[in-house]
Every structure is written in C-alpha cells, then in structure tokens.
Amino acid sequence: MVATWILVVIAVVVVLFIVYIYNSLIKLKVRIRNAWAQIDVQLKRRYDLIPNLVDTVKGYMAHEKGVLEEVTKARTSLMSGTKEEKAKASNQITEALKSIFAVAESYPDLKASENFKMLQEELSGTESKIAYARQFYNDSVMAYNEAIQVFPKNLFAKLFAFKIEEFFGAEAKEKENVKVSF
Amino acid sequence: MGMYEEIAANKRRSYLLIFLFLIFITLIGLVIGFFYGSPYFGLGLAFVIGGVYFLITYYKGAGAILTMSKAKEAKKPEHAYLINTVEGLAIAAGLAKPPKVYVIEDSALNAFATGRDPEHSVVCVTTGLMAKLNRLELEGVLAHELSHIKNYDIRVMMLAAVMVGLTVLLSDFLLRSFLWGRGGRREHNQLTGVLIVAGLVLAILSPFIGEAMRLAISRKREYLADASGALLTRYPKGLADALRKIKEDPDPLVDHANRATAHLFISTPFRKSKRSFMKKIFSTHPPIDDRIGRLDKM
C-alpha cells in the first residue's frame with residue numbers, strides 16, 4: 001500500500017515539474033512574440049510617417065529625386081515578408097533616411113520648417129524605438145534559446161518541439177545599397 | 001535573469017510592508033481603545049481611518065506627489081525628445097505601457113519616478129536636468145528611473161511613504177488632541193495621562209518608521225537601478241557622466257522636495273552643507289562617487 005502511495009506522489013511531483021518547465025518555456029516564447037509585435041508597431045509607425053516626410057521635403061528639394069525614391073522603394077518592401085526580409089528592409093530605410101536628413105542640411109528653409117522639424121524628431125524617435133524594440137527582442141530570444149539548451153530543460157524542449165529562434169537581422173551587409181544622388 | 005528575481009523580491013517586500021501597516025494600525029487602535037475605555041471602539045476607529053487613508057494614499061499618492069512638487073505633464077512638440085526617449089526605454093525594458101512623463105520647473109538637476117506599478121507609473125525630470133545634460137546622459141538617467149519602475153521599487157517606496165505619512169499624521173493628531181484637552185475617562189492628572197499615551201504612541205511608532213524606511217530606501221536598490229539602467233542603454237558611461245554633472249550642481253535644492261519625497265529623487269535634493277555623519281548613515285542615497293565608480297568599471 002505504502003509503495004503505491006509513494007509512486008503516486010512521485011508521479012505527481014514529476015508531472016508538476018514538467019508543467020512548471022513547460023510553462024516557463026512558453027512564457028519566454030510569448031515574450032519573444034510580444035517583442036516582435038512591438039517591432040512591427042514601430043515599423044508601421046515609420047511606414048506611416050515616411051509619405052509625410054517625402055511630401056514635406058519634395059517642395060524644397062525638387063532636385064533630390066534620387067534620395068526620395070530610395071526611401072519610397074525601400075518602404076514598400078517594409079511591411080511584408082519574412083522576419084529576415086523585414087529586418088533587411090528596415091535597415092535600408094534607416095540608411096535612406098540618414099541620407100535625406102544629411103541632404104536637408106543644405107536647405108535652411110526646409111530645416112526651419114516646423115513641420116519638417118516635427119517629422120525629423122518623430123522619425124528619429126521611431127528609429128530609436130526600433131533599435132530598442134530590436135534590443136528587447138534579441139534579449140528575449142537569448143533568454144529563450146538559453147533556457148531550451150540548458151540541462152534539464154533541453155530534454156523537455158525536444159519533447160515539446162521548442163526550437164531555437166533567430167535574432168533580428170544583422171546590420172553588416174546593408175550599407176552598400178543607398179546612394180545619395182544630387 | 002536578475003531583474004525578474006528582483007521584481008519578485010520587491011513584491012514580497014510590498015506584502016511585508018502592508019502586513020506591518022496592519023499590525024501598526026492594530027496597535028494604535030488598542031492605544032486609542034485604552035484611552036477611551038473600549039478596545040473595539042479603538043480598533044474600529046483605527047481600521048476605518050487607516051483603511052481609508054491607505055486607499056486614498058495608495059491610489060492617489062502619485063498624483064499627490066506630482067502636485068506637491070509642482071510638476072507639469074510633458075507635451076509634444078516642446079518635450080518630444082523626452083517623451084520619445086521614455087517610450088523607447090519602456091520598449092527596451094519590455095513594459096506594456098510607458099510611464100507618464102512630467103516636468104518640474106527648477107534649475108536643480110534631478111529626476112524621480114513614482115507610482116504603484118508599471119502600468120500606473122510616472123517619470124519626472126527638472127528643466128535644469130534637461131538643459132545641462134546631453135542626450136546620452138539624459139537617457140542614462142531616464143533608464144535608471146525606468147528600472148525603478150520595472151522592478152516595482154516604486155511600489156515599495158510608495159507603501160513606505162504611506163506608512164511614514166500615517167505615523168506623522170497620527171502622532172500629530174494624538175499629541176495635539178491630548179494637549180488641547182480631550183481628557184480621557186481615567187482619573188489621572190491630565191498631564192500624566194498625556195505623557196503616558198504620547199510615550200506609548202511614540203514607542204510604537206519608531207520601529208515601524210524605521211522598518212518602513214529601511215525597506216524602502218535600500219541603497220543596494222539604487223546600485224541595482226544604476227546597473228539595470230546601464231543594461232537598458234548598453235552604455236554605462238551615459239549615466240556615469242550624468243552623475244558627474246549632478247555632483248557638480250551648485251544648487252541641488254529642488255524647491256518643492258521634502259522629507260517625504262526625498263528618497264524618490266535620483267540624487268539627494270537637499271543642500272550639501274547639511275551632510276553630518278548621522279545624515280550619511282541615514283542618507284537616502286549611496287555616495288555619488290561610489291555610484292560613478294561602479295558604472296565606470298562596467
């Protein structure tokens with residue numbers, strides 16, 4: 001009789017243990033999803049702001065078509081695609097925006113425009129938020145990847161098919177594609 | 001992760017503070033009961049007043065602190081950079097909702113965070129701070145404040161302030177009512193009665209004030225907020241440089257700060273001349289040089 005009870009207790013403990021591990025891994029996974037959603041929110045905000053910027057700038061920088069076109073082109077590929085494609089498009093836009101603001105330095109009228117200043121601050125703020133969101137995303141991925149690879153959680157990870165997640169795109173290769181044409 | 005353990009520890013401290021509060025109310029109730037000849041009356045009174053006081057302070061405390069400090073809500077486009085930075089850091093910290101941002105008109109360099117939890121939190125900076133710090137330094141300070149918010153330090157500090165506030169209120173009220181002749185039903189000389197009760201009350205008060213402050217103003221948590229903030233920005237030099245500038249501030253006095261709110265600020269908001277040895281022991285903040293040193297080593 002006693003033996004049966006001991007077995008029951010052990011079984012219950014094991015089940016609780018598995019539940020605990022599963023839940024802790026799920027929480028980490030959900031955090032990654034939330035983190036990505038936040039990146040998406042900021043990418044969308046940038047997506048929405050860019051037409052404003054192009055319109056404001058067009059009037060003053062009539063000859064700078066090249067720079068504006070780069071941004072518009074990169075923008076269209078921003079909202080669809082895999083995480084990797086989005087990461088790449090996002091980096092392209094960052095570079096294109098840098099060009100626009102660099103070129104705008106030579107147009108004092110544009111620089112003085114309240115609308116332009118507001119857009120510049122908002123876009124700059126959004127770039128920062130994208131960077132922060134990426135940081136939080138990568139932190140979440142790191143915590144999750146680590147959790148499913150340490151012992152003993154790795155055993156259960158295989159059992160429940162938890163896979164390693166990828167970090168948000170590297171910036172290395174994206175500097176070659178944006179040109180400033182005058 | 002250290003941060004999540006810290007959050008759990010702070011939630012435990014919060015429950016401990018509430019528990020202490022309940023004990024304290026009970027004891028005060030018994031004292032009043034003794035004075036009026038009925039323990040139930042005393043307890044009832046204490047719990048009703050204590051309960052109402054707690055609810056008002058806990059839920060409206062942040063607002064009260066902002067009003068006391070004459071803080072105004074930050075608005076775009078005037079404070080666009082400040083608001084965007086706070087929102088960005090909140091994203092990096094994984095907060096569901098960014099804290100509200102307020103500004104105090106004061107030339108002193110200082111900042112604080114308050115609220116009862118991350119969803120109901122506030123960050124406040126002085127205009128002096130925004131004027132004197134560059135963007136990296138401001139970010140460092142804001143990241144420090146956001147760490148206090150994220151790890152529930154603000155809740156512990158709020159509850160401690162509730163307890164301290166109540167003890168001050170009560171001791172005031174009791175002493176005054178005894179002095180102005182609310183005589184008890186006992187037959188002693190009024191003065192002796194007053195002295196006995198006052199002594200009793202104060203004897204009960206001190207350990208609670210002490211414990212509350214000890215729990216709230218742990219210097220270890222300031223160091224931790226410095227470290228967590230540096231982790232958020234990935235740039236400890238930002239906060240280190242900011243602290244260096246704050247240290248050099250000729251007039252750290254924030255006009256509307258007082259004993260109750262002092263521990264919330266990033267740097268002691270009182271003049272340096274008041275630094276006696278006793279003040280250092282009970283100082284609400286660790287020495288600035290220490291903090292800068294630790295950040296430089298990261």
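Helix H5 of chain A and helix H3 of chain B run roughly parallel to each other in this predicted model, because their axes cross at roughly 15°, under the 35 degrees that bounds this class. H5(A) covers residues 114-149, and H3(B) covers residues 80-92. The two axes come within 8 Å. The crossing is right-handed.

Residues from both helices make this contact. H5(A) contributes Glu121(A), Gly125(A), Ser128(A), Lys129(A), Tyr132(A), Ala133(A), Gln135(A) and Phe136(A). H3(B) contributes Ala80(B), Tyr81(B), Asn84(B), Glu87(B), Gly88(B), Leu89(B), Ile91(B) and Ala92(B). By class, the helix pair brings together 8 nonpolar, 5 polar and 3 charged residues.

At the level of whole chains, 11 residues of chain B are in contact with 12 residues of chain A. The chain B side of this interface holds 7 nonpolar residues, 3 polar residues and 1 charged residue.

Chain B itself is divided by the domain assignment into two parts. Domain 1 comprises 2-67 and 155-216. Domain 2 comprises 72-153 and 218-296. Between them, 19 residues of domain 1 are in contact with 18 residues of domain 2. On the domain 1 side, at least two residues each come from helix H1 (2-36), helix H2 (39-68), helix H6 (153-179) and helix H7 (190-216) of chain B. H6(B) gives the most to this side, with 7 residues. The domain 1 side consists of 13 nonpolar, 3 polar and 3 charged residues.

How values were computed:
Residues are numbered from 1 along each chain as its sequence is written. Chains are lettered from A and ligands numbered from 1 in the order in which they are written. This is a predicted model: local features need pLDDT of at least 70, side-chain atom pairs count only at pLDDT 80 or more; totals for chains, interfaces and linings use all residues. Axes are lines fitted to C-alpha atoms, for helices over the stretch in contact, and angles run from 0 to 180 degrees between N-to-C directions. Helices (H or I, at least four residues) and strands (E, at least two) are DSSP runs, numbered from the N terminus. Angles under 35 degrees count as roughly parallel, over 145 as roughly antiparallel, 65 to 115 as roughly perpendicular and the rest as oblique. A crossing is left-handed if the near helix is turned anticlockwise from the far one by less than a right angle, and right-handed if clockwise. Two residues are in contact if their C-beta atoms, placed from the backbone, lie within 7 Å. Ala, Val, Leu, Ile, Met, Phe, Trp, Tyr, Cys and Pro count as nonpolar, Asp, Glu, Lys and Arg as charged, and the others, Gly among them, as polar. Domain bounds come from an automatic or database domain assignment.
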